[in-house]
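Open the model in your viewer and show side chains as sticks. We will go from aromatic rings to cysteines.

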Amino acid sequence: MELTTDLTTEKIARAFSSHRFDVALPHLADDVVWTLVGNKPLLGRKKVEKACKATAHDLAEVTTEFQRFRTVVGEDSVVVDSLARYSEPDGNVSIVASCDVYDFVDGRISEIVSYTVELPES
């Protein structure tokens, strides 16, 4: 069943990659698979939602600045390439480069593969 929405697959993917999970989570397939490369895949909507809520909680006091944020859109896939600077209240800063590959079926995210690497602050 296709999800009726004004959001394009690109907007959904951009919302997920920029931690706006409230926008993206309604667009997950029930059997979604999220692979954070180097870890075991998260299988199913409930596990992905739980991970997103934990991430949102961890980032609640963190300032996030995207220094690069671009998308490449295919027929049923979207790729988001980003470089983010995370500044914590205690002054700690992390720079993270990431690439998220989204596959969609009937307007819902069916699979996400995320590559991330923390970079030295320059």
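Select Phe 16, Phe 21, Trp 34 and Tyr 102: together they make up one aromatic cluster. This is a predicted model. The count of aromatic pairs in it is 4.

Now keep only Phe 16 and Trp 34 in view. How are the two rings of this aromatic pair arranged? They sit edge-to-face, 5.1 Å centre to centre, with 80 degrees between the planes. An angle over 60 degrees is what counts as edge-to-face. Colour by secondary structure next. Phe 16 belongs to helix 1 (residues 9-17) and Trp 34 to strand 1 (residues 28-36), so the pair ties together parts 18 residues apart in sequence. Switch on the surface: Phe 16 and Trp 34 are both buried.

Move to Phe 66 and Phe 69. This aromatic pair is edge-to-face too, at 5.0 Å centre to centre and 75 degrees between the planes. Are these rings buried, partly exposed or exposed? Phe 66 is partly exposed, at 30% relative accessibility. Phe 69 is also partly exposed, with a relative accessible area of 22%.

Last stop: the cysteines. How many disulfides does the model have? The count is 0. Select Cys 52 and look for its nearest cysteine sulfur: that of Cys 99, 17 Å away. A disulfide needs the two sulfur atoms within 2.5 Å, so the sulfur of Cys 99, at 17 Å from that of Cys 52, is too far for a bond. Compare their surroundings. Cys 52 is buried, with a relative accessible area of 1%, whereas Cys 99 is partly exposed, at 24%.

How values were computed. Residues are numbered from 1 along each chain as its sequence is written. This is a predicted model: local features need pLDDT of at least 70, side-chain atom pairs count only at pLDDT 80 or more; totals for chains, interfaces and linings use all residues. Side-chain values use heavy atoms; hydrogens and water are left out. Rings of Phe, Tyr and Trp (its six-membered ring) pair if their centres lie within 6.5 Å; planes under 30 degrees apart count as stacked, over 60 as edge-to-face and the rest as tilted. Helices (H or I, at least four residues) and strands (E, at least two) are DSSP runs, numbered from the N terminus. Buried means under 20% relative accessible area, exposed over 50%, partly exposed in between (1.4 Å probe, protein chains only).
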